[in-house]
Amino acid sequence: MSLCFTETTDVLRLVNTEGRRQITENRKNERKRIEADSEDERLTKEPRLTQQFTPDELENYRNVFRLKLMRMFCEILSTVKSCSSYADKIIQDGFVPDFVEFLSRNDFPELQFGAAWALGNIASGTSHHTKVVVDHDAVPTFIKLLSSPCSDVREQAVWALGNIVGDSCKHRDLALKEGVLPPLLAQLNEHATLSMLRNVTLTLLNFFRVKPQPPFEQVRCVLPALHILINFDDDLCLLSSACWALSYLSVGSNDKIEALMEAGLYPRLVDLLKHPSPAVQIPAIRTLSNIARDNYQRRAVIDDKLIEPLIYLLQTAEFATKKEVVQAVINIISGRSGRIVGLQDFIETLCDLLEDHDPRIITVCLEGLEIICSEESKCTTDFNFVAKLIDEAQGLDKIKALQSHDNDEIRRKALEVWDPMYNEARNVWKFFEQLGDLFLWC
């Protein structure tokens with residue numbers, strides 16, 4: 001019996017479908033057989049790790065993995081845009097205790113370095129991040145690392161401690177209690193790299209930047225180190241940080257000022273006024289200004305002719321420096337104007353700057369003249385010597401003209417300053433009218 005065309009086609013389709021299914025099944029089985037043979041061969045040639053490696057060898061492999069892990073964390077922390085969010089993730093996943101534990105691996109300095117780097121980055125984030133690092137007892141371990149034979153590990157420890165002590169006075173005081181300063185200052189030796197010197201200086205700066213400052217007796221030992229660092233002319237970052245550290249340290253009681261003078265820092269600070277960078281000029285000016293606040297030391301400041309370089313800066317420096325100069329001289333001359341050589345030059349310079357094109361400079365000079373004149377009036381029973389000098393330098397005429405200035409702030413300040421200053425000057429005129437020819441103008 002023969003098949004019709006339609007039946008023949010259906011049979012062929014069925015055969016082809018079944019054939020394809022069988023071929024696919026055969027291929028799957030062959031693949032499984034090959035994979036099974038390969039697995040048997042691998043197991044024959046490579047026994048399981050627990051059968052092949054000793055405990056020491058297994059620990060070595062774990063150390064390799066730990067080091068790769070630390071390097072991965074360090075790379076991510078250094079490249080991720082939001083380091084803070086990634087630090088949160090590290091903290092939440094519980095890695096911080098492991099990192100702190102790695103700091104104690106004196107047999108594995110590469111791992112110590114990576115852990116110190118990661119923890120230092122975490123501590124540089126928010127106060128919460130810093131607290132987590134501190135709460136896991138990282139501070140004592142970091143201090144121990146300052147005695148590590150590996151210079152890279154020591155430097156990372158310095159950097160991490162700088163981030164921690166700069167976060168709050170609580171963390172700073174903890175580091176001081178743990179004895180951080182002697183091993184920290186020991187890093188300033190003939191073998192120290194420029195990078196290490198910078199990190200130590202920035203860490204010292206953070207000790208004094210946070211308020212309230214620690215008791216002076218706890219930090220007095222840093223003065224010789226700062227004396228060395230402010231003489232380091234080869235690096236602007238280092239020199240600026242050392243000057244800022246002194247500016248913060250010099251705020252406060254007279255015993256600090258006396259210690260600064262006894263340490264021989266003052267002459268170098270005066271020299272630094274000639275430095276071309278405001279990053280050095282401004283903290284040097286602030287330190288000298290703080291010294292001038294001390295009544296006992298103010299005569300030493302004046303005798304060293306500090307006014308002259310300050311006047312030069314007032315004439316030539318940038319606005320930020322000029323503003324600091326005005327404040328410094330206010331501290332130096334307040335209540336002592338009649339005994340200060342160079343005061344007339346300073347007053348004349350301030351009055352000349354009342355015609356400056358920069359409204360900020362005009363405002364600062366007005367404020368400076370107002371304060372100096374006011375302080376002088378509190379300390380004199382005869383006449384206001386500052387008011388006399390301002391009048392002689394045509395300052396009153398210039399202040400009168402500023403009452404019509406285009407700038408609202410300048411106009412308001414000139415109106416505010418004019419009346420009390422004019423009254424002081426008028427009292428001076430009356431005083432000399434009464435003396436008549438008996439008084440010789442000098």
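1. Before anything else, a word on names: helices here are DSSP runs (H or I) of at least four residues, numbered from the N terminus. That's what labels like α24 and α25 stand for when I place a residue such as Gln394 in the loop between them. Also keep in mind that you're looking at a predicted model.

2. Let's start with a pair of helices. Two packed helices are described by the angle between their axes and the distance between the axes. For α21 (residues 319–333) and α23 (residues 359–378), the angle is about 5° and the axes are 10 Å apart. Angles under 35 degrees count as roughly parallel, and α21 and α23 are therefore roughly parallel to each other. On the α21 side, the contact is made by Phe319, Lys322, Lys323, Val326, Ile330 and Ile333. On the α23 side, look for Arg360, Ile361, Val364, Gly368, Ile371 and Ile372. Sorted by class, this contact of α21 with α23 has eight nonpolar residues, one polar and three charged.

3. Helix α23 has another partner to look at, α24. The axes of α23 and α24 come within 7 Å and cross at roughly 140°. How do they lie relative to each other, then? Only angles over 145 degrees count as roughly antiparallel, and α23 and α24 are therefore oblique to each other. From α23, the residues Leu369, Ile372, Cys373 and Glu376 meet Phe385, Val386, Ala387 and Ile390 of α24. By class, that contact has seven nonpolar residues, no polar ones and one charged. Notice that Ile372 turns up here and also in the contact with α21.

4. Between α23 and α24 there is a loop, and Asn384 lies in it. Buried or exposed? Asn384 counts as buried, at 2% relative accessibility. A polar atom of the Asn384 side chain lies 3.0 Å from the backbone nitrogen of Ala387. Leaving out residues up to four places away in sequence, Asn384 touches Cys373, Glu376, Ser377, Glu424 and Val428. Two of these names, Cys373 and Glu376, should ring a bell from the meeting of α23 with α24.

5. Next, have a look at Gly395, which lies in helix α25. Gly395 has a relative accessible area of 0%, so it is buried. What does Gly395 contact, apart from its neighbours within four places in sequence? The answer is Cys351, Leu354 and Ile390. Gly395 and Leu369 are 26 residues apart along the chain, and their C-alpha atoms are separated by 9.2 Å.

6. Cys351 also belongs to the buried residues of α22 (residues 343–352), together with Leu343, Phe346, Ile347, Thr349 and Leu350. Which helices do these buried residues pack against? They pack against α20 (307–316), α21, α23, α24 and α25.

7. Helix α18 (residues 278–293) is a nice one for checking helix geometry. Its 16 residues reach 22 Å from the first C-alpha to the last, close to the 22 Å expected at 1.5 Å a residue. At the N-terminal end, Ser277 acts as a cap: one of its side-chain oxygens lies 3.1 Å from the backbone nitrogen of Ala279. The helix is mostly covered, with 12 of its 16 residues buried. Among them are Val280, Gln281, Ile282 and Pro283, and further along Asn290, Ile291 and Ala292.

8. Now for some backbone oddities. Most residues other than glycine have a negative phi, and most peptide bonds are trans. Asp137 has a positive phi of about 60° even though it isn't a glycine. You'll find Asp137 in the loop between α7 (127–135) and α8 (138–145), and it is exposed, with a relative accessible area of 54%. Gln394 also has a positive phi, near 60°. It sits in the loop between α24 (385–392) and α25 (395–402) and is partly exposed, at 48% relative accessible area. As for the peptide bond from Lys211 to Pro212, it is cis, with omega near -5°. Pro212 is in the loop between α12 (194–209) and α13 (216–219).

9. One last stop is Gly264, in the loop between α16 (254–262) and α17 (266–271). With 30% relative accessibility, Gly264 counts as partly exposed. How far apart are Gly264 and Pro224 in space? They are 9.2 Å apart, C-alpha to C-alpha, with their positions 40 residues apart in sequence as the separation.

Notes:
Residues are numbered from 1 along each chain as its sequence is written. This is a predicted model: local features need pLDDT of at least 70, side-chain atom pairs count only at pLDDT 80 or more; totals for chains, interfaces and linings use all residues. Side-chain values use heavy atoms; hydrogens and water are left out. Axes are lines fitted to C-alpha atoms, for helices over the stretch in contact, and angles run from 0 to 180 degrees between N-to-C directions. Helices (H or I, at least four residues) and strands (E, at least two) are DSSP runs, numbered from the N terminus. Angles under 35 degrees count as roughly parallel, over 145 as roughly antiparallel, 65 to 115 as roughly perpendicular and the rest as oblique. Contact means heavy atoms within 4.5 Å. Ala, Val, Leu, Ile, Met, Phe, Trp, Tyr, Cys and Pro count as nonpolar, Asp, Glu, Lys and Arg as charged, and the others, Gly among them, as polar. The expected span of a helix is 1.5 Å times one less than its number of residues. Buried means under 20% relative accessible area, exposed over 50%, partly exposed in between (1.4 Å probe, protein chains only). A polar contact is a pair of N or O atoms within 3.5 Å; within protein, one must be able to donate a hydrogen and the other to accept it, and residues adjacent in sequence count only if both atoms are side-chain atoms.
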